[in-house]
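Work through the exercises below with the sequence and the model open. Each task is followed by a stepwise solution.

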Amino acid sequence: MPEAVYAVRALSRRKDSEAGLFAHIAALGVGGLPIALPLGDGRGGVSVDLNEELFPPDFLFAGTPFAINRVIMVRLIATAVLVVLLVLYSKRCRLVPSRAQSAFEFILNFSKVSVGEDTLGAEAKRYQPLLATVFFGVLFMNITGIIPGLQIASTSLVGMPAIYALVAYFAFVISGIKERGFGHYFASQLFPPGVPKPIYILMTPIELLSTFIMRPITLTVRLLANMISGHIILVLCFVGTNALYMNMGGIGGIVFGSLTFIGGLLFTAFEAFIACLQAYIFVLLMGSYISLSISEH
């Protein structure tokens, strides 16, 4: 795989200061394709290897199926924190809730009402444990992207989004089969009633593609693309800040470095919002797919 590198380079010589305006522009290469190129003499640059950032080397059990790298470690930490919080909530739940309990119950109620009841109606109670599990899982895996020391979303690599997409896929297929029977379920999905039979020649392949092939793919890509793009923007801002403060120097370095730093802070807040929003959208689509599977057309 070609090396993918994005770099921020700052000018070190006084006579090149007019080009310093562009010093925070990054050189981003994905598969060898440069997106932007900074101006200047290229000395004293700061660079980050995108391969190493998103595919870090193993530091435990290397060369085995149980190899652990930075991303796997972040996923394990997010899972452990979620499990501990759920256990503490279940053991310390009181009739008069504390602030922490109220916050947790607010999230649970949001999952129950805004996702379950709004998409599944009377059937929401049956599927609420699954929907809440996926919602909390995606949320905690997303939010690690802005946690100091972790600083990478666990869903910014394809593995976790694909796993959650497969959970959603099997959930709506199995629920449809259980509710309506194997033959009736697939017949209703591939041969919608009330359509003239000759139209099935065109419609059935489209329904097969959109329902049973594209749904898990779009769920995966939507979550992955949002989280990885946010991570790249944050790293770009803070690497640019470092380069401008440390290499450019002078008033220009302070001004433009401060701008990229403020931009990084704003994007951090925005990334927190995106992490929550993507968890909501993912589980909302999952509930909608289950509803379509168990309802009569």
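**Exercise 1.** In which helix is T220 found? Then state whether T220 is buried or exposed, and list its contacts outside the local sequence.

*Solution.* The model is predicted; local features need pLDDT of at least 70, side-chain atom pairs count only at pLDDT 80 or more, and totals for chains, interfaces and linings use all residues. Residues are numbered from 1 along each chain as its sequence is written, and side-chain values use heavy atoms, with hydrogens and water left out.

Step 1. T220 lies in helix α7, residues 200-248 (helices are DSSP runs of H or I, at least four residues, numbered from the N terminus).

Step 2. The relative accessible area of T220 is 9%, so T220 is buried (buried is under 20%, exposed over 50%, partly exposed in between, with a 1.4 Å probe and protein chains only).

Step 3. Neighbours within four places in sequence aside, T220 contacts V158, P161, A162 and A165 (contact: heavy atoms within 4.5 Å).

**Exercise 2.** How many salt bridges are there, and which residues do they join into one network?

*Solution.* Step 1. Apply the rule: a side-chain nitrogen of Lys or Arg within 4 Å of a carboxyl oxygen of Asp or Glu. The count is 2 salt bridges.

Step 2. E123 pairs with R126, with 2.6 Å between the closest N and O atoms. E123 has a relative accessible area of 27% and is partly exposed; R126, at 48%, is also partly exposed.

Step 3. R126 also forms a salt bridge with E179, at 3.3 Å from N to O. This pair links distant parts of the chain, 53 residues apart: R126 is in helix α4 (residues 124-143) and E179 in helix α5 (residues 159-180).

Step 4. Through shared partners, the salt bridges join E123, R126 and E179 into one network.

Key
Helix = DSSP H or I, 4+ residues; strand = E, 2+ residues; numbered from the N terminus.
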